[in-house]
Amino acid sequence: MARKTINEDGSLTFITSSGLRGRQSVRATFKLSSGCIEAISIVAAQLGIKQKSLFDHLAQDSDSLNAIAKEVQNARVGAENRVQKTYVISRRSLSLLDEISRAFNAPRDALVEFSVRRLLPVIDNEQKKYEMRKAAFSGIQLHLKKGRQLLKQMIPQLGEDDPVVSRLASVMDTYSVAANAIGDFLERTQGIADFDPENLNQMDVQFER
C-alpha cells in the first residue's frame with residue numbers, strides 16, 4: 001500500500017511499505033582489510049557523519065557497484081590479514097550488495113573493499129585540508145594569546161567594569177571556547193593525517209582462469 005506526500009516543489013512522492021522497510025537498519029558482517037576498516041572510520045569522523053551513512057552512500061551507488069563487480073568477477077579474496085567487522089547498514093544497501101554479488105559471482109567483501117577505494121580522492125583532499133586547518137589553528141592560538149595579553153594590560157589601566165574591557169573580555173571568552181572546539185576537532189580527526197592510502201591496496205584478490 002502506498003501513501004502520497006507532497007514535496008516542497010509541489011510534486012508527489014509515493015511512500016510504500018517496501019520502501020520504508022528498505023530503510024530499516026540491519027547488521028552485516030564483512031571480512032575486510034584493516035586499511036579498509038580504518039578508511040571508513042576516518043572518513044566518517046572527518047566529515048562528521050555516521051559510518052552507516054557513509055556505508056549506505058557507497059553501497060547504494062548501483063552503477064559503481066556494477067562496474068566494480070565486473071572488475072572482480074569470479075575473484076577469490078584471500079583470508080589472510082583480514083578482519084571480521086560488523087556494520088549497521090540499511091536493508092536496501094545489503095540487498096543491493098547481495099544481488100550484485102550473486103549476479104556477477106563477485107565476492108561481497110571485494111565489492112565493499114573496492115567501493116571504499118573510491119574514497120581515496122576524498123581522503124587526499126581531507127588530508128590537505130587538515131594540514132591547512134592545523135596551520136590556521138596555530139595562527140588562531142597566537143591571535144588568542146595576544147588578545148589575552150592586551151586584555152591583561154587594559155584591566156589595571158581601565159578597571160574590570162570599564163565597558164571596553166568588559167566587551168573585550170566577553171569576546172575573548174567566546175574566542176577561547178571556539179579555539180578549544182577547533183583544537184578538539186583537530187585532535188579527533190588526527191587519524192586523517194596519519195592514514196596511509198597504500199593501506200587500501202593491501203587486498204589479496206585472485207581470479208579464476
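Of the 209 residues in this chain, 35% count as buried. Keep in mind that you're looking at a predicted model. The chain exposes about 13,100 Å² in all, and carbon and sulfur atoms supply 50% of that area.

As for the fold, you can pick out nine helices and six strands along the chain. Look next at how contacts spread along the sequence. Take the contacts between residues at least 6 apart in sequence: 81% of them join residues at least 24 apart.

For a look at the inside, go to helix α5, which covers residues 91-104 and holds S93. Is S93 buried or exposed? Its relative accessibility is 0%, and buried means under 20%, so S93 counts as buried. And what does S93 touch, once you set aside its neighbours within four places in sequence? The answer is D56, A59 and Q60, each of them in contact with S93.

Now for the outside. Here E38, D194, D196 and E198 form a negative surface patch. One of these patch members, D196, is worth a stop. You'll find D196 in the loop that runs between α9 (191-194) and β6 (205-207). Its relative accessibility comes to 37%, which falls between the 20% limit for buried and the 50% limit for exposed, so D196 counts as partly exposed.

Put the two stops side by side: S93 sits in a helix with 0% relative accessibility, whereas D196 sits in a loop with 37%.

Notes. Residues numbered from 1 in each chain as written. Predicted model: local features only at pLDDT ≥ 70, side-chain atom pairs only at ≥ 80, totals over all residues. Heavy atoms only, no water. Patch = residues over 30% accessible without salt bridge, like charges linked within 9 Å, V, L, I, M, F, W, Y side chains within 5 Å. Areas by Shrake-Rupley, 256 points an atom, 1.4 Å probe, with all protein chains shown as cover. Salt bridge = Lys/Arg side-chain N within 4 Å of Asp/Glu carboxyl O. Lys, Arg positive; Asp, Glu negative; His and termini not counted. Charge placed at Lys NZ, Arg CZ, Asp CG, Glu CD. Helix = DSSP H or I, 4+ residues; strand = E, 2+ residues; numbered from the N terminus. Buried < 20%, exposed > 50% of the residue type's maximum accessible area, 1.4 Å probe, protein only. Contact = heavy atoms within 4.5 Å.
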